[in-house]
Structures are given as C-alpha cells and as structure tokens.
Amino acid sequence: MPVFDFNNSPEDQKVPECTYKVFYTNCPESSPGHPILVLDNKSGKLVHHSNGIFTNPIRRTAFEFKGEEGTVSEDILEIDARFVSLLKWLGENHINVRLSGAVKGDKYAVYKIREIAFGGGVKLSAEDGFLQFMIERLLASDAPSQEIPDEDEEETGDSMKLTSIQSITDFMNCAGRTLPDNIRLWARRNLAVAKSNEVSPEERRHAQRALSIMMNIQWKGNYFEAIDPAEARRILDEELYGMESVKQRIIETIIQINRTHTLPAYGLLLIGPAGTGKSQIAYAVARILKLPWTTLDMSSINDPEQLTGSSRIYANAKPGIIMEAFSMAGESNLVFIINELDKAASGKGNGNPADVLLTLLDNLGFTDNYMECMIPTSGVYPIATANDKDQISAPLMSRFAVIEIPDYTAEEKKVIFSKYALPKVLKRIGMEEKECTLTPEGLEAVIELHKNTSGIRDLEQAAEHIAANALYQIEVDHMKSVAFDGEMVRKLLG
C-alpha cells in the first residue's frame with residue numbers, strides 16, 4: 001500500500017504508514033451505507049459537516065479539522081479503492097474540504113466531499129466543479145484490480161469537460177488505475193509531449209486535443225448487469241408490432257447476457273426491405289441494454305480515413321468518425337448502429353471503408369490514426385442494417401448474427417395503420433381520435449393503395465395526409481369530425 005506523506009517533514013522524521021484498509025466496490029452512488037471513506041470518531045467530535053484537510057502526520061493517514069479545543073486529527077479507517085489517488089491529491093495540494101457524513105457508533109461514514117474557501121464555507125465553483133466531476137467519474141468507474149497496488153446541498157460536476165493541461169493532469173493523478181493500463185500509459189506519454197518545449201506548438205496542440213478527447217470518455221469494464229426479460233419484451237412490443245421471430249432472437253440474446261454478464265461475441269445484422277423498422281429495432285435494443293447509442297451511415301463514407309482518422313503529421317489532422325462516436329457517447333460501452341452496411345462505397349483507391357469495421361467488430365480493440373492508441377471495444381455492441389446482404393463482404397458477414405426482417409402482411413399493415421400510425425399522428429397534431437376515423441372500406445382502400453410498397457413509411461405518410469385533411473375540414477369547413485370511406489381515401493391519396 002502506498003504511503004501518503006503530505007507534509008514537508010524533516011529528514012529524520014519517522015517513516016509514515018497508512019492506518020486504513022482499502023475496500024473494493026463498484027457501487028455507482030455514495031451514501032451513508034456506501035461511503036467514500038470511514039473515519040475514526042471515538043472522540044465524537046466529527047459532525048455532519050466538518051471542515052478540514054487530509055494529512056499524514058508522522059504515522060497516521062488522517063483528517064485534520066478545528067474543534068472546540070483546538071486542532072483535532074482523526075485516523076482514516078477505510079477507503080473505497082477508487083478514491084485512494086484522489087485522497088492523495090487532496091492531501092498533497094492541501095485542499096480545504098467539507099465532509100458530509102453520518103455518525104455510526106465510533107465511526108464517521110463520509111459520503112460527500114466538497115471543496116471550500118480557506119476559513120469559510122463558500123463554494124469555489126471552478127475548483128469544486130472539478131472535484132465533483134472527479135468524484136462522479138470515480139463512482140462510475142469499476143474498482144481497480146486488487147492484485148495491483150495503487151500508484152504514484154446536491155452538488156454535480158457541472159458537466160465539466162477536461163480541456164486544460166492542468167485539469168487533465170489532475171484528472172490523471174486522481175483517476176489512477178481506474179483507467180485501463182494502456183490508456184494510462186498512453187496518457188502519460190502524450191501529457192509529456194503536451195508540456196514539452198522541445199516539440200513544435202502543433203505537436204503540443206495535437207497531444208492536448210487527443211488527451212482531452214480520451215480523458216472525457218468514461219472507460220468502463222465489460223461486465224453487464226442482468227436485464228429483466230419481461231421489461232425487454234415490453235420495450236420491444238412498444239416499439240414494434242408483430243415480428244415475433246425477431247423479438248424472440250433478441251430476447252435470446254438478453255438471456256445470454258444474463259448468463260455470462262458480457263456482450264455476445266457477435267453483433268446483429270438486420271436485413272430487410274426499406275421501411276420495415278430495422279433502425280427502430282436497433283434503438284429498442286439500446287434502450288434494453290441501457291446504453292448510449294451512436295449511428296454511422298456507411299452510404300456517406302467513401303474513404304477509410306473518415307473512419308480511422310488522419311495522422312498527426314498533418315496540421316488539420318483530426319480523429320475519425322468512430323473515435324468521435326466514443327467521444328459523443330461519453331463512455332466506452334455503447335450500441336454502435338451501422339446503417340446501410342451494403343451501401344458502403346469502395347473508396348478512392350485507399351481500400352474499402354467497410355473493411356475498416358472489422359477491427360471494431362472483433363472486440364480486440366480499435367486504433368485511430370490520430371489518437372495512436374488501442375481503444376478497448378469489448379463493451380461495444382454493433383448492430384448493422386442492410387437491404388441486400390449480397391452486397392456485403394464475407395468477412396463482414398461472419399462478424400454478425402444475421403436476422404432477416406420480413407415485410408409486413410396486408411393484415412399487419414391494417415393493424416399498424418389503425419392502431420399505431422394514425423393515432424400517433426393525431427396525438428402529435430393535437431386531434432382527438434374521434435375527430436378522424438376510417439370506415440372498414442376506407443382502411444381497405446389505404447392498404448390497397450400501398451400493397452406494392454415495402455415497409456410502413458408510405459403508410460405513415462398516408463396517415464399524415466389523412467389527418468391533415470381532416471384537420472383542414474374541421475378548422476375551415478367547421479366539421480365536428482371526419483370519417484373517411486373508401487371513395488374519400490382513393491380521391492385523397494390516389
């Protein structure tokens with residue numbers, strides 16, 4: 001266990017030693033039952049709000065504060081392993097803090113730490129903003145490995161972004177081994193470049209930009225909590241009508257995740273006609289997994305460099321779209337929706353952009369040319385959509401579990417139009433369902449007019465047209481309600 005020596009002590013001072021033990025937890029919130037640290041309180045002098053600094057006087061790692069009888073020092077008994085480096089940073093920089101905690105017998109469980117102005121309780125927005133941001137990030141992190149020792153009112157992190165060299169440096173010092181090993185080592189090297197006066201300003205700028213992108217991503221492990229299959233089914237039923245075989249396949253995937261607590265080895269490839277709800281299925285899966293999602297439209301990619309980023313040797317270098325997706329999501333675990341995989345262009349002589357996705361899909365890690373670092377992808381769940389699987393290369397196909405999405409039957413289209421599409425439009429434009437109705441003949445006419453179209457997009461547009469016409473008749477012709485029969489529908493839509 002490392003020793004924290006926060007004082008400028010004389011050379012003959014006794015070697016300090018830690019008085020606390022480290023506990024390991026992945027609890028995402030702090031509370032009296034799940035504290036950040038526990039202090040000794042045999043003296044009974046620690047109260048709900050106690051102001052002071054963290055110190056290490058001679059042989060104790062402690063919290064020092066002003067009591068009625070002068071300065072009081074209480075030993076730290078336990079610390080959440082994720083906060084060891086943060087505690088060290090607070091002590092080394094002599095940060096004045098206010099602890100919020102609960103007295104439990106002869107112990108004091110600290111669940112909130114705020115920075116305060118010296119000698120008072122006024123919030124320092126910039127500094128305290130960083131501290132709250134740091135605490136939130138650590139609470140969202142997985143506990144560091146137990147085998148590896150650590151190295152050298154409601155408050156929020158104010159949606160802080162790490163951009164300055166100082167904030168990035170502080171973050172790295174506080175995060176410690178909650179960062180993946182390769183990213184931590186990469187960050188050290190780039191921080192040295194960003195601070196160096198022996199490299200060009202352009203190199204320093206690129207290093208700082210890359211650090212800001214990387215440190216603002218929450219790096220998570222590949223452990224996934226169990227998902228309630230009944231809730232997953234409810235979400236699928238809410239988003240999709242019919243498609244029982246598709247829903248069954250997705251529920252099977254959920255059961256697999258519950259057993260292994262990891263994502264399946266293969267993503268999903270949804271193949272079917274346009275307008276059959278492939279993207280809707282992908283969004284539903286993201287909701288079920290409770291992960292952020294990002295989309296990538298392969299039809300707009302004509303150069304692999306758009307995906308992999310450009311080298312820092314260029315003045316206008318920048319990360320690729322895949323790295324930017326991680327940055328936008330703000331975390332390493334996400335659903336990556338790849339639209340129109342079959343329409344990926346062959347590029348401008350630099351290779352096929354679709355083949356760049358192979359490294360992302362292999363769960364071994366993805367390397368961006370600008371970042372120059374292997375990005376862990378074990379928490380990425382890819383879902384691709386396509387209209388024609390014959391246009392997809394065999395290596396790409398082998399990375400997916402393929403699900404064929406059939407077109408809707410005429411009976412299914414009737415239900416979708418009458419129960420989902422039209423009521424949705426009426427609700428959006430503020431109409432009562434009784435103000436716009438269709439007779440059975442009118443509904444048959446709608447389906448007949450769209451019998452040769454795939455998917456339901458044309459049905460949704462028909463619902464928009466019918467509802468708009470009904471609203472016009474109500475507002476202009478002062479009709480109380482409109483019931484569309486077959487002749488009216490054919491006249492309006494034909």
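**Exercise 1. A residue in a helix**

Leaving aside its neighbours within four places in sequence, which residues is Asn258 in contact with? Find where Asn258 lies too, and decide whether Asn258 is buried or exposed.

*Solution.* Before you start, keep in mind that this is a predicted model.

- Step 1: find the place. Asn258 lies in helix H7, which covers residues 244-260.
- Step 2: check the cover. The relative accessibility of Asn258 is 19%. Buried means under 20%, so Asn258 counts as buried.
- Step 3: list the partners. Once the neighbours within four places in sequence are set aside, Asn258 is in contact with Glu225, Ala226, Ile227 and Pro229.

**Exercise 2. The whole protein**

How many helices and strands are there, and what share of the residues counts as buried? Work out as well what supplies the exposed area.

*Solution.*

- Step 1: count the elements. The protein has 16 helices and 16 strands.
- Step 2: look at burial. There are 494 residues, and 48% of them count as buried.
- Step 3: turn to the surface. About 24300 Å² is exposed, with carbon and sulfur atoms supplying 50% of that area.

**Exercise 3. Hunting for disulfides**

How many disulfides does a search of the whole structure find? Then take Cys27 and Cys436: are they buried or exposed?

*Solution.*

- Step 1: recall the idea. A disulfide is a covalent bond between the sulfur atoms of two cysteines.
- Step 2: apply the cut-off. The two sulfur atoms have to be within 2.5 Å, and the search of the whole structure turns up 0 disulfides.
- Step 3: check the two cysteines. Cys27 has 18% relative accessibility, so Cys27 counts as buried. Cys436 is at 2%, so Cys436 counts as buried as well.

**Exercise 4. Two helices that pack**

Describe how H1 and H3 pack, and sort the residues of their contact by type.

*Solution.*

- Step 1: know what to report. Two packed helices are described by the angle between their axes and the distance between the axes.
- Step 2: read off both values. H1 (residues 84-92) and H3 (residues 165-175) pack at an angle of about 125 degrees, and their axes are 6 Å apart.
- Step 3: name the arrangement. An angle over 145 degrees would count as roughly antiparallel, and 65 to 115 as roughly perpendicular. H1 and H3 are therefore oblique to each other.
- Step 4: find the residues. H1 brings Ser85, Leu86 and Trp89 to the contact, while H3 brings Asp170, Asn173 and Cys174.
- Step 5: sort them. The residues of the contact of H1 with H3 split into 3 nonpolar, 2 polar and 1 charged.

**Exercise 5. Under cover in H14**

Which residues of H14 are buried, and what covers them?

*Solution.*

- Step 1: pick out the buried residues. In helix H14 (residues 440-449) they are Gly442, Leu443, Ala445, Val446 and Ile447.
- Step 2: look at the cover. What lies over these buried residues includes helices H13 (410-428), H15 (457-475) and H16 (486-493), along with strands E15 (436-438) and E16 (482-484).

**Exercise 6. Positive phi**

Where are Lys290 and His478, and are they buried or exposed?

*Solution.*

- Step 1: take Lys290. Its phi is near 60 degrees, a positive value in a residue other than glycine. Lys290 sits in the loop between helix H8 (278-289) and strand E9 (293-297). At 75% relative accessibility, Lys290 counts as exposed.
- Step 2: take His478. Its phi is also near 60 degrees, again positive in a residue other than glycine. The loop holding His478 runs between H15 and E16. With a relative accessible area of 66%, His478 is exposed.

**Exercise 7. Apart in sequence**

How many residues apart in sequence are Asp368 and Ser310, and what separates them in space? Do the same for Pro264 and Ala401.

*Solution.*

- Step 1: start with Asp368. This residue lies in strand E11 (residues 366-368) and is buried, with a relative accessible area of 0%. Asp368 and Ser310 are 58 residues apart in sequence, and their C-alpha atoms are 8.1 Å apart. Beyond its neighbours within four places in sequence, the contacts of Asp368 include Leu307, Met323 and Cys373.
- Step 2: move to Pro264. Its place is the loop between H7 and strand E8 (267-271), and at 8% relative accessible area Pro264 is buried. Pro264 and Ala401 are 137 residues apart in sequence and 9.7 Å apart in space, C-alpha to C-alpha.

Conventions:
Residues numbered from 1 in each chain as written. Predicted model: local features only at pLDDT ≥ 70, side-chain atom pairs only at ≥ 80, totals over all residues. Heavy atoms only, no water. Buried < 20%, exposed > 50% of the residue type's maximum accessible area, 1.4 Å probe, protein only. Helix = DSSP H or I, 4+ residues; strand = E, 2+ residues; numbered from the N terminus. Areas by Shrake-Rupley, 256 points an atom, 1.4 Å probe, with all protein chains shown as cover. Axes fitted to C-alpha atoms, helices over the stretch in contact; angles between N-to-C directions. Parallel < 35°, antiparallel > 145°, perpendicular 65-115°, else oblique. Contact = heavy atoms within 4.5 Å. Nonpolar A, V, L, I, M, F, W, Y, C, P; charged D, E, K, R; others polar.
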